[in-house]
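Trainee: I'd like to learn how to read salt bridges in a model. Can you walk me through some cases?
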Amino acid sequence: MTQRVEINYHSDILCIWAHIAQVRVDEIQHEFGSQVVIHHHFFSLFGDTESRLGEGWKDRGGYDGFRAHVASVCAPHPHVSLHPNVWGPECRPASSALPHLIIQAVQILALRGQLSAETDPLGKTVVEQLICAIRKAFFEQGRNIALSQFCGIFWHPCR
């Protein structure tokens, strides 16, 4: 009998490193299937982006400096697509808190059995599909994921 491995994965939805690492998470899920369970946890690294980036990166160009940093981090990773508006005036989330709360709510519904336990063809649960959709919306589509009107568009409970 094969023992199941459980991984506690902590990140912020706005973390570029987590977005880059998604391909590795996908590989683990594809290779090992139900033998590996990933528990997603979120913390507010980007809970207040004005303090963290506007003020915290002031000596390095503020938001523009951070946007250049994120682009340089992505450059060696050809599997990552980065929208040019990310962290620009058009796509500057004030906080990662709202998307984190929505993900947590969906996690609770899943734990209660109120969502389908089926996975997609890549082995992703509904929660993991939501996490990927939100990250893609920000990093690849240049959408402000902190806006309340944005946060519900990828999840439909009546699937």
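Mentor: Sure, let's start inside a helix. This model is predicted, and in it Glu27 and Arg24 both sit in helix H1 (residues 16–32), 3 residues apart, or about one turn of the helix.

Trainee: What is the general idea behind charged pairs like these?

Mentor: Side chains of opposite charge can pair when their charged atoms come close. Here, Glu27 makes a salt bridge with Arg24, with their closest N and O atoms 3.3 Å apart. That passes because the cut-off is 4 Å.

Trainee: Is Arg24 buried or exposed?

Mentor: Arg24 is exposed, since its relative accessible area is 51% and the exposed class begins over 50%. Its partner Glu27 has 41% relative accessibility, so Glu27 counts as partly exposed.

Trainee: Which residue does Arg67 form a salt bridge with?

Mentor: Asp64 is the partner, and the closest N and O atoms of the pair are 2.7 Å apart. Look at helix H3 (residues 62–74): both residues lie there, 3 residues apart, about one turn of the helix. As for accessibility, Arg67 is partly exposed at 24%, and Asp64 is partly exposed too, at 44%.

Trainee: And how far apart are the closest N and O atoms of Glu55 and Lys58?

Mentor: They are 3.1 Å apart, and the two residues form a salt bridge. Glu55 has a relative accessible area of 45%, so Glu55 goes down as partly exposed.

Trainee: How many salt bridges does the count come to?

Mentor: The count comes to 5. Among them are Glu27 with Arg24, Glu55 with Lys58 and Arg67 with Asp64.

Technical notes
Residues are numbered from 1 along each chain as its sequence is written. This is a predicted model: local features need pLDDT of at least 70, side-chain atom pairs count only at pLDDT 80 or more; totals for chains, interfaces and linings use all residues. Side-chain values use heavy atoms; hydrogens and water are left out. A salt bridge is a side-chain nitrogen of Lys or Arg within 4 Å of a carboxyl oxygen of Asp or Glu. Helices (H or I, at least four residues) and strands (E, at least two) are DSSP runs, numbered from the N terminus. Buried means under 20% relative accessible area, exposed over 50%, partly exposed in between (1.4 Å probe, protein chains only).
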